[in-house]
Amino acid sequence: MQPIPTLLTTLLLLPLVLPGQPQSIKEKSASSYMNGSQIEPIHELIRGVPGSMDEDGICHCVVYLPNNAIYLQQLEKLQSTAQELMDKYEQELSRVSEYASAIEDQENQILEMNSALKSRDPTFLASSYDFPAFDLLRLELEGAQELVAQLKTKGRVSGVRDLLHELQSQVANASLTLKLLADSDKHSFRALRQEVDVLESRLHECEREKEQEETSIHPDPPLSPGSCAHGGLQKVSRPLVVQLNWRGFSYKAGAWGRDSAPSPASSLYWVAPLRADGRYFDYYRLHKSYDDLVLLKNYEQWKMGYGDGSGNTVYKNFMYFNYYGTDEMAKVDLSSNSLVLRRPLPGATYNNRFSYAGVPWKDLDFASDEKGLWVLYATEESKGNLVVSLLNASTLEVEKTWRTSQYKPALSGAFMACGVLYALRSLSTRQEEIFYAFDTTTGQELQLSILLDKMLETLQGINYCPLDHKLYVYNDGYLVNYDLSFVTLKSRPLAKRPSGTPAPPKAVKRKASRT
């Protein structure tokens, strides 16, 4: 860019070289030019006039013009044009100064971004790319390009055109540099975020492996069967695949588990695949030991023919399930395969109204733990949110009810352990997260993040056994179990509900009614 004094000199010299431009005036004899047909253009009169430059870089010259109004009009028009160019130049020069200041500010922001990268603060980096200076500077540079183009169309002297061409090139280069800078930084940021996500995932995996390794080296004292002397669920082991269900791969839906309160003489295992339609429960098998289950021997196979969904559980040698096509709870004596009781569950929805995500027909989900027999369901009154009820195992009467804040169709499953509800949601086809807990003893809610790996996509049935503190999961036709680890009492107890979370309602006691 030309220095300001030189450019001012160039523009002030325009009257000396362009037709119809203004001049400094002293009169000259006009006897030879009074005839209008012989009047020469004014640029012919001032061609080659010498001049001088003052300390401010302004050029002065003296021109002798005839005493004629036409020349004076041309001179005034020339002066007006020169002044207009000077004003536009000063405006453009002011804009260029603003652009330079904005670019300097942007360079400072880039330095701050680099500093943020070193400190691994991607939030700050993302907000910097949305800073308004990018768009403002781009719009101003586009305006400058248009103005320079307009000035070029008005310029008629090579010296001025060269100056405007140089100015236009600099503005275009600045615009291109700004665009490349913004695009490059945004692409770099996206790539950086992906790398950070991958590294964080690897870090979490390493932490899990380290915890498992430390647990294997320094295991916590084992909990005694049926004990709740702990501070809540801490982690879940990797899955152990026992075998495919006895009916085959086509029977993807079902449930299995261990009697959570068996007789002292035996440890009863049960497997209940649904039909291939994923709804109808008609057959089940009983095994008196884990070895018999694995070896598929010494089993009893029974046909029932009136179960609905995979919400079954076994408690004290009785199987509990949803009676087909109704809101009724059913109880079968496993010793004789006889239906001993049916009772409606007040307010419960059925026929797949509010089942779990990806697990249809599981309107009533029975569970058993150290505290007794439970049923998990939803009602129209709760607007589909999960409801927990403690049942009288003998009569199936509801003793207490709690309503949670979790929408049941958004969950992939749930189970009870020591009177605490644990809810799961699917993270991917190979991983679940236990993300929510509700303590029925205290009425407190807790947000968790306990990962649970799975072999196949859907966990059809989930049953907890307090005798061995295991989860028995029916995973798309395969029988899988998990070891649960709980927080020891010397460690942190079950956390309280986070601030800002609405308090859950108190338990609702129901009066017993006889049928």
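A disulfide is a pair of cysteine sulfur atoms within 2.5 Å, and the tour starts from the one disulfide that the structure holds. This is a predicted model, in which local features need pLDDT of at least 70 and side-chain atom pairs count only at pLDDT 80 or more, while totals for chains, interfaces and linings use all residues. Residues are numbered from 1 along each chain as its sequence is written, and side-chain values use heavy atoms, with hydrogens and water left out.

**The disulfide**

Select Cys-228 and Cys-418, whose sulfur atoms are joined at an S to S distance of 2.1 Å. The torsion about this S-S bond is about -100 degrees, so the disulfide is left-handed. The pair links distant parts of the chain, 190 residues apart: Cys-228 lies in the loop between helix 7 (158-217) and strand 5 (233-236), and Cys-418 in the loop between strand 18 and strand 19. Helices (H or I, at least four residues) and strands (E, at least two) are DSSP runs, numbered from the N terminus. Cys-228, at 30% relative accessibility, counts as partly exposed, whereas Cys-418, at 8%, counts as buried; buried means under 20% relative accessible area, exposed over 50%, and partly exposed in between (1.4 Å probe, protein chains only).

**The four-stranded sheet**

Next, select strands 18 to 21, which form an open sheet in the order 18-19-20-21 with antiparallel pairing; two strands pair if DSSP finds at least two bridges between them. Strand 18 (413-417) and strand 21 stand at the edges with a single partner strand each, so one side of each is left without a neighbour in the sheet. From one strand to the next, the twist averages 25 degrees, an angle between axes that are lines fitted to C-alpha atoms, for helices over the stretch in contact, with angles running from 0 to 180 degrees between N-to-C directions. Within this sheet, strand 19 (residues 420-428) and strand 20 (residues 431-439) pair over eight bridges in the antiparallel sense, and Leu-424 stands opposite Ile-434 of strand 20.

**Asp-453**

Move along to Asp-453, which is found in strand 21 (residues 444-453) and counts as buried at 14% relative accessibility. Its side chain is joined to that of Gln-431 by a polar contact of 3.1 Å, that is, a pair of N or O atoms within 3.5 Å, of which, within protein, one must be able to donate a hydrogen and the other to accept it, residues adjacent in sequence counting only if both atoms are side-chain atoms. Add Arg-238 to the selection: Arg-238 and Asp-453 are 215 residues apart in sequence but 6.3 Å apart in space, C-alpha to C-alpha.

**The hairpin of strands 22 and 23**

Now select strand 22 (residues 459-465), where seven of the seven residues are buried, so the strand is largely enclosed by the rest of the structure. Cys-465 counts as buried at 0% relative accessibility. Strand 22 runs antiparallel to strand 23 (residues 470-475), and six bridges join the two; the bridge partner of Asn-463 is Tyr-472 in strand 23. The two strands form a hairpin with four residues between them, and His-469 in the turn has a positive phi of about 55 degrees.

**The seven-stranded sheet**

Finally, select strands 7 to 13, an open sheet of seven strands in the order 7-8-9-10-11-12-13 with antiparallel pairing. Strand 7 (254-258) and strand 13 (338-344) stand at its edges, each with a single partner strand, so one side of each is left without a neighbour in the sheet. Inside the sheet, three bridges join strand 8 (residues 269-273) to strand 9 (residues 280-287), and Val-271 stands opposite Arg-285 in strand 9.
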